[in-house]
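Please work through the exercises below with the sequence and the coordinates open side by side. Each exercise sets a task and then solves it step by step.

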Amino acid sequence: MFNQLEKILSRPKPFEVYSTDVLWTDEHTAKQMMKHHLDPDVDISSRRHSFIENSANWMIERFKLHSGKHVIDFGCGPGLYTQRFARSGAQVTGVDFSSNSLDYARKQAEKEDLSIDYILQSYFEFEGNQKADLITMIFCDFTAMNLAQRSLMLKKFATLLKPGGQVLLDVWSLAGYAHREESTSITHSPDGGFWSTEPYFEFMNILKYDEEKVVLNKAVIIEAERTREVYIWHQYFSKEQLRKEFEAAGLRIHTWLGNVGGAEYDETLDEFAVIAEKME
Ligand SMILES: C[S@@+](CC[C@H](N)C(=O)[O-])C[C@H]1O[C@@H](n2cnc3c(N)ncnc32)[C@H](O)[C@@H]1O
């Protein structure tokens, strides 16, 4: 028992294990994440829908997303942004590895007769043969990746941009890091719940890595017949670190914002957003 508890509470190296996919592609948890996406009043999976409405409108205006413009939305989920871009006349590609989300997104597009190219694939593997005027990655998905994955994605963005094309994404800030606290909790779900339809215990460890400014949500899910570990990482960024990573990939950040809805940059907020273009 002692050894098992030590293992449950152990602290891996930052980004040592990648298991983000479990959250989005496991049949049961993907359905739970979907409920959050579609709940208009919570900031889980997607932001609350009033924010999405306002931020999509801001993006449409800021990037003039009308006929003749092509947007690629990485990690598009159930299409809450892509459908809004398509309604304004833009050509839209949505990339996501959750079949559950894309099934929903495709049905919604069909209902409205919107032509959106949804691609079921890990975005690390996405090649794409059509360049974009705008590339988006929304709700801090960029922060769930390790440095090598972030570098790969930024280089991909640079090759996918049309001349004059732009990248818009949001990240967690250092203020956000300061607001997080380490904790350990145990929950018993005798009738099943978020992780399974079977009864389970969940140990949730929130671990902070001060040097790297990384937070890990490590869930250990113990069912009668199986035990799983799920690691959800978040990199928190200073302006300098984000600028360095973008520049290493040939991208220049030219605008700093408070969020992807066009709010003013504010270093006391938990997040910020940037707009970047390809360096000459
Ligand atoms: C936090 S959600 C945000 C969804 C959407 N951008 C929004 O704001 O409504 C992250 C999305 O990225 C997708 N995702 C995560 N890792 C991915 C990967 N490696 N390849 C493709 N999609 C991925 C998930 O399936 C999920 O739909």
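The exercises that follow concern a predicted model, and they go from the whole chain to single residues.

**Exercise 1. Overall form**

Task: Determine what the radius of gyration of the protein chain says when set against the rule for a compact globule, and describe the extent of the C-alpha trace.

Solution: Start with the expected value, which for a compact globule of 280 residues is near 19 Å; the protein chain has 19 Å, and therefore agrees with the rule. Next take the principal axes, along which the C-alpha trace spans about 60 × 45 × 30 Å. Then turn to the interior, where 37% of the 280 residues count as buried. Among contacts between residues at least 6 apart in sequence, 62% join residues at least 24 apart. Finally, the secondary structure of the protein chain amounts to nine helices and eleven strands.

**Exercise 2. Two domains and their contact**

Task: Give the bounds of the domains in the protein chain, and find which element gives the most residues to the side of domain 1 that touches domain 2.

Solution: The domain assignment divides the chain into domain 1, with residues 2–26 + 176–234, and domain 2, with residues 30–172 + 236–278. The C-alpha centres of domain 1 and domain 2 are 26 Å apart. To their contact domain 1 contributes 15 residues and domain 2 contributes twelve residues. On the side of domain 1, the elements that give two or more residues are α2, α8 (174–179) and β9 (227–237), and the most come from α2, with five residues. Sorted by class, the residues on this side of domain 1 are seven nonpolar, five polar and three charged.

**Exercise 3. The shell around the ligand**

Task: List the residues that come nearest to the ligand, and name the elements that give two or more residues to the shell around the ligand.

Solution: Of the 19 residues around the ligand, those that come nearest are W24, S46, G75, G77 and F139. Two elements give two or more residues to this shell, namely α2 (20–25) and β2 (91–96). The class make-up of the shell is nine nonpolar, eight polar and two charged residues. The helix α2 thus appears here as well as on the side of domain 1 that touches domain 2.

**Exercise 4. Two strand pairs**

Task: For the strands β2 and β6, state how many residues are buried, and give the sense in which each strand pairs with its partner.

Solution: Begin with β2, which is mostly covered, five of its six residues being buried. Strand β1 (residues 70–74) pairs with β2 in the parallel sense, over five bridges, and the bridge partner of V71 in β2 is V92. Now take β6 (residues 183–189), a strand that is hardly covered, since the count of buried residues among its seven residues is zero. This strand runs antiparallel to β7 (residues 200–209), to which it is joined by seven bridges, and the partner of T187 in β7 is E202.

**Exercise 5. Two isoleucines**

Task: Decide for I138 and for I186 whether the residue is buried or exposed, and name residues that each contacts beyond its neighbours in sequence.

Solution: I138 is found in the loop between β4 and α7. It has 25 other C-beta atoms within 10 Å, and because 20 or more are needed for a residue to be buried, I138 is buried. Leaving aside neighbours within four places in sequence, I138 is in contact with Y81, D170 and V260. The C-alpha atoms of I138 and F74 are separated by 7.8 Å, although these residues are 64 apart along the chain.

I186, by contrast, is found in strand β6 and has 11 other C-beta atoms within 10 Å, so I186 is exposed. With neighbours within four places in sequence again left aside, I186 is in contact with F201, E202 and F203. I186 and M204 are 18 residues apart in sequence, and their C-alpha atoms lie 6.3 Å apart in space.

**Exercise 6. Positive phi**

Task: Locate D113 and C140, and state whether each is buried or exposed.

Solution: Phi of D113 is near 60 degrees, a positive value in a residue other than glycine, and phi of C140 is also near 60 degrees. D113 lies in the loop between α6 (99–112) and β3 (116–120), and with 7 other C-beta atoms within 10 Å it is exposed. C140 is found in the loop between β4 (132–137) and α7 (147–160), and with 23 C-beta neighbours inside 10 Å it counts as buried.

Methods
Residues are numbered from 1 along each chain as its sequence is written. This is a predicted model: local features need pLDDT of at least 70, side-chain atom pairs count only at pLDDT 80 or more; totals for chains, interfaces and linings use all residues. A residue is near a molecule or strand if its C-beta atom, placed from the backbone, lies within 6 Å of it. Helices (H or I, at least four residues) and strands (E, at least two) are DSSP runs, numbered from the N terminus. Ala, Val, Leu, Ile, Met, Phe, Trp, Tyr, Cys and Pro count as nonpolar, Asp, Glu, Lys and Arg as charged, and the others, Gly among them, as polar. Domain bounds come from an automatic or database domain assignment. Two residues are in contact if their C-beta atoms, placed from the backbone, lie within 7 Å. The radius of gyration is taken over C-alpha atoms; the globule rule is 2.2 Å times the number of residues to the power 0.38. A residue is buried if 20 or more other C-beta atoms lie within 10 Å of its own, exposed if 12 or fewer, and partly exposed in between; C-beta atoms are placed from the backbone. Two strands pair if DSSP finds at least two bridges between them.
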